[in-house]
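Here is an informal walk through the model you asked about. Have a look at it first, and then we'll take it a piece at a time.

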Amino acid sequence: MNEITKHAPAPAPTSSAACSVPLAAPIAVLAELTHRCPLQCPYCSNPLMLEKANVELKTEDWQRVFTEAAALGVLQVHFSGGEPTLRTDLAALVKHANGLGLYTNLITSGVLLDAKKLAALVDAGLDHVQLSFQDSEAENANRIGHYKGGHEKKVAVAALIRAAGLPLTMNAVVHRQNLDHLAEIIALADKIDASRLEVAHVQYYGWALKNRAALMPTRAQLDRATAMVDAARIRLKGRLVIDYVVPDYYAKRPKKCMDGWGRHFFNVSPAGKVLPCHAAESIDGLKFDSVRERSVEWIWANSEAFNRFRGTDWMPEPCRSCDRRELDFGGCRCQAFALTGSAGNTDPACELSSNHQAMFEAALADAASGEPNYVYRRIGGA
Amino acid sequence: MEPIKVGATSRIVLPRHVKLKHDTVRDRWILLAPERVLNPDETSLEIVRMLDGVCSVGDIVGTLAVKYNAPSEVILVDVIGMLQDLCDKGFLVSAETVATHAGRTS
Ligand code: SF4
Ligand code: SF4
C-alpha cells in the first residue's frame, strides 16, 4: 500500500477545459480492499488502527462503489490494500470495473500471486500491475518486509506477470536502510522487464512516522540518489520510465500533495470510509463518511473531510497570500498535522513555514541516529 | 522494453496498458495509463486513431498529406516528433513489441 504515493495519483490532463467548473469530478480512486497483509513494512501508509477482516465491504458494496465512481467521472481504479490479492473476489471486482470502462491497476506485494490467479485477473481485464520490492537483495528486503522468502517470490512473480502479458511497474520505497542499493534496484527493474519504476522516498505519517529514526536518509544519501535517478533516466530513456518521489524533509517547497485535497482523487478504506488521501485518518478530528450510508457522489460533494481543505479558502498565512497557493495547495495536510499539531497549517516542508527549521533539524537528528530496529506494521503493533 | 526510434517505416501502436477512451463525463478523448491521463489535441488524436499496427508512419503521413493537401515532408517531421514524444513517455510502442492489443479502445 506504500506503493501509492501522495504526490499525484493521476495528474490532471494537460489541457482540461472541464476543470473550470466549480467542483471538478474525481479522476482516480484507490480501493483499499483489505488491511490484511502478509508483509509488515515499517513504512506502510495504512493507519495505525488497522481495520479487521470482519468489517470489510462485501463484493456487492465494492461493485456499487465502482459503478457510482464511474458515473461521477472516475477513470482509474487502483486495487490496493493491505494486500488486495487476499480478497477472493478480486477478479470479480476487476471484471466489474473493467466492464464500466475503468482503467484497472493492481497494487500488490505479489507474494500470494501465482500463474492461475494471474490468468483469472487477465481474463477479468486487468490492465496493469504495480509490484513492490523492499530492496534489491533478499536478505535486507525480507528483513524490511518481515516476511521470509518474500523477495525471491516477488522476482518469480514478476516473470509470471510479464509472461501473462501484463505490463509491470516496479515500486521501491527507499530510505536510509536500502538507499545505498539504488543502483541495484534500478538494475532489478530493468531485469524484471518493468516498463516503469517508481522510486519513492518514505513519507512520514502513521507507521513511517513511528519508524522515522530507522528510516530517515542522510542528506548525502539523498543527493547521491537524486543524481543517480537523473543519470538513469537519461541512460534508460525509452526503455524504463522512472518516477521519483523526493523526500519532503530536505525540501524547500512542499509537494502538491494528492494534486490538491479533494480535487482528483479519493480513497475508500476496507470498511467503506471515504478519505481524501490514504493517510487522512492520521488527522484527528476529521469526520469521514462511509459508502455504507451515502453515495459516492454525495460524499464527493458534501463530505466534511473533503470540503475542509478543498481549494484555497481554508489557508492561513503564509499560504493565503502566496503566489504558489494553487501550484502546491499548501502541501500535505497529514504532514502538517503530524509535525505542527494542526492540519490547517502550512506544510512544514515549505521553507516559508515557521516550523520548517524544526522539521529539518529533526531529519538531521533521525538520520544521524543510526537506529537499526523497526516497529513492524501489524495489528496491535503500534 | 527496447527504446524506439520512430522513422517513416516504423509501425507504432498503443501498448496493452494504454487505453484510448472516450471520457463521457467530460466529453473528450483521453489516453489512460497507470498514474497518467493524457488529453491529446485533435491532431494527435487523429494520428493515434490511425495506429492500427499495419500502417507505417509513412503510410499515415501519406493519408494526411492527401487529406489536408499539404507537403508530406513537413507532415512527416511533425508526426515523427509527436509519436517519438509519446513513445518516450511510454504511451506508444513499436508494433513488433510483444503483448500488444493494437488500437484497443473502450
Ligand atoms: S505491509 Fe508492506 S506490502 Fe503490506 S500493505 Fe503495508 S507497505 Fe504494502
Ligand atoms: S507558503 Fe504555502 S502556498 Fe506558498 S509555497 Fe509555501 S506551502 Fe506553498
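Where in chain A is A:Pro318 found? It sits in the loop between helix H11 (304-307) and helix H12 (325-328) of chain A. Keep in mind that this is a predicted model.

**How confident is chain A?**

The mean pLDDT of chain A is 91, and 94% of its residues reach 70 or more. The stretch to treat separately is residues 2-21 of chain A, where pLDDT stays under 50. For those residues the model has 67 contacts beyond four places in sequence.

**Backbone oddities in chain A**

Most residues other than glycine have a negative phi, and most peptide bonds are trans. With that in mind, here are some spots in chain A that go the other way.

| Where | Feature | Value |
|---|---|---|
| A:Gly81 and A:Gly82 | cis peptide bond | omega about 5° |
| A:Glu317 to A:Pro318 | cis peptide bond | omega near 5° |
| A:Asp193 | positive phi | near 65° |
| A:Asp259 | positive phi | near 60° |

A:Pro318, whose loop came up above, is joined to A:Glu317 by one of these cis bonds. As for the glycine pair, A:Gly82 belongs to the loop between strand S2 (76-80) and helix H2 (90-99) of chain A.

Now for the aspartates with positive phi. You'll find A:Asp193 in the loop between helix H6 (182-191) and strand S6 (196-201) of chain A. A:Asp193 has a relative accessible area of 27%, so it counts as partly exposed. A:Asp259 lies in the loop between S7 and S8 of chain A. Its relative accessible area is 6%, so A:Asp259 is buried.

**A:Asp259 and its histidine partner**

Which side chain does A:His264 reach with a polar contact? The partner is the side chain of A:Asp259, at 3.4 Å. A:His264 is placed in the loop between strand S7 (241-245) and strand S8 (265-268) of chain A, and A:Asp259 is in the loop between S7 and S8 too. Is A:His264 buried or exposed? With a relative accessible area of 3%, A:His264 falls under the 20% cut-off and is therefore buried. So if you're browsing this loop, you have a polar contact between side chains, with A:His264 buried and A:Asp259 buried as well.

**The nonpolar cores**

The largest nonpolar core has 81 residues. Those with the most contacts inside this core are A:Trp62, A:Phe66, A:Phe79, A:Met170 and A:Phe266. Helix H1 (residues 59-72) of chain A gives the most to the core, with six residues. There is also a second, separate core of 29 residues, which includes B:Val48, B:Ile60, B:Met82 and B:Cys87.

Let's zoom in on A:Met170. Leaving aside neighbours within four places in sequence, A:Met170 is in contact with residues including A:Leu131, A:Phe133, A:Ile185, A:Leu188 and A:Ile192. The list for A:Met170 also has A:Arg196 and A:Glu198 among its members.

**And chain B?**

Chain B has three helices and five strands. Following the sequence, the order in chain B is β-β-β-β-α-α-α-β. Of the 106 residues in chain B, 50% are buried. How far apart in sequence are the residues that touch? Taking contacts in chain B between residues at least 6 apart, 62% join residues at least 24 apart. On the outside, chain B exposes about 5000 Å², with carbon and sulfur atoms supplying 57% of that area.

Definitions and conventions:
Residues numbered from 1 in each chain as written. Chains lettered and ligands numbered in written order. Predicted model: local features only at pLDDT ≥ 70, side-chain atom pairs only at ≥ 80, totals over all residues. Heavy atoms only, no water. Helix = DSSP H or I, 4+ residues; strand = E, 2+ residues; numbered from the N terminus. Buried < 20%, exposed > 50% of the residue type's maximum accessible area, 1.4 Å probe, protein only. Contact = heavy atoms within 4.5 Å. Areas by Shrake-Rupley, 256 points an atom, 1.4 Å probe, with all protein chains shown as cover. Polar contact = N/O pair within 3.5 Å; in protein donor to acceptor, adjacent residues only side chain to side chain. pLDDT = per-residue confidence, 0-100. Core = buried A, V, L, I, M, F, W, Y, C linked by side-chain atoms within 4.5 Å.
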